[in-house]
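User: Please take a close look at how two helices pack against each other in this model. A formal account for a first-year student would be welcome.

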Amino acid sequence: MAIDIPAIGFGLWKISTDDCATAVYDAIKVGYRHLDSACDYGNEKAVGEGIARAINDGLCNREDLWVTSKLWNTYHAQEHVESALKRTLADLQLEYLDLYLVHFPIALEFVPFDVRYPPEWVHDPVEAMPVMKPSGVPLHETWTGMEAMQALGLAKHIGVCNYNSGLLQDLMSYAKHKPEVLQIESHPYLTQEKLIRLAKHYDLAVTAFSPLGAASYLELDMAEAKESVLASSVVTAIAQRLNKTAAQVVLRWGVQRGTSVIPKSTGVERMRENISLFDFELTDTDMNSISNLNINRRFNDPGDFCEAAFNTFYPIYD
Ligand code: A2P
């Protein structure tokens, strides 16, 4: 049996440090109990403040929360995994994570905390032409480090993000403690059916990031407004029939197909909208017509953005 993650989480990517503590507090107040954090989001201290405030105000206890964070690319060497996780825990003001994930199957040269934290993608940002610096640390070494974190009780569960089927098959061949969660981009324009089927075959729970599709990438110039699945006539017709919003239909499709979803929003109304998915159901026909929107459109592709933003060609998907 795959582990039980709360079906709807609150995504923390791109929430500014100024807004983040309040957003986390509001999200918990609205009813979110699953928070999806990462070192690389640069806001873990503020996430920790939001959690602490919510617990102090009696909105929840630590045990009621599912807190996920992610190991950044520069900490893949076995000797760096523990200090990276401990830094995340200190920032979040927590004793343990519910889930620690390898953020990307991309190993970059180590950057010490006192040089830069979070270190992000390029090795030396002040160079005239900053580039990424691969470290050559193999993923099996990183996984050994992750297993040690689970054994120490610093992370109750461990898993990976952004792995494709080949990497997942390979990981299953050597993992002593099997990964329990796979987090991948998935929405109606990128349904990832084979990868999700493979993950389920291996009993992994699957979390879909960017579950609303293009919305997240408009501000980054990585998508165009016309690519929004929320405007698709298939989705809007279902939403109208059910008297729900397009976002609710798309998120419900994600949950109903057995993935957890982690939409981000800094607006309390949208937070509420995005978590209100359990008073309606999609029919099999609805589910199929939404799944049939798939066009394999990946918005979060290192093969594109690393070259555009970091002067480094670094594809991980074909
Ligand atoms: P905002 O924070 O302004 O609400 P992600 O894909 O990383 O989860 O981000 C979701 C994106 O979609 C954000 O840009 C967010 O913007 C927007 N968004 C969140 N909820 C909704 C919603 N219910 N309807 C439309 N857009 C939404």
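**Packing of H9 and H11**

Analyst: In this predicted model, helix H9 (residues 246-256) packs against helix H11 (residues 284-291) at an angle of about 100°, and their axes are 11 Å apart. H9 is therefore roughly perpendicular to H11 (65 to 115 degrees; under 35 is roughly parallel, over 145 roughly antiparallel, and the rest oblique). Axes are lines fitted to C-alpha atoms over the stretch in contact, with angles from 0 to 180 degrees between N-to-C directions; helices are DSSP runs of H or I with at least four residues, and strands are runs of E with at least two, numbered from the N terminus.

On the H9 side, Val-249, Trp-253 and Gln-256 take part in the contact, and they meet Met-287, Ile-290 and Ser-291 of H11 (contact: heavy atoms within 4.5 Å). By class, this contact of H9 with H11 has four nonpolar, two polar and no charged residues.

A second pair gives a useful reference. Helix H4 (residues 139-152) and helix H5 (residues 165-174) pack at about 55°, with axes 11 Å apart, and are therefore oblique to each other. Here Leu-139, His-140 and Trp-143 of H4 touch Leu-167, Leu-171 and Tyr-174 of H5. This contact of H4 with H5 comprises five nonpolar residues, one polar residue and no charged residues.

Residues are numbered from 1 along each chain as its sequence is written. Local features need pLDDT of at least 70 and side-chain atom pairs pLDDT 80 or more, while totals for chains, interfaces and linings use all residues, and side-chain values use heavy atoms, without hydrogens and water.

Methods. Ala, Val, Leu, Ile, Met, Phe, Trp, Tyr, Cys and Pro count as nonpolar, Asp, Glu, Lys and Arg as charged, and the others, Gly among them, as polar.
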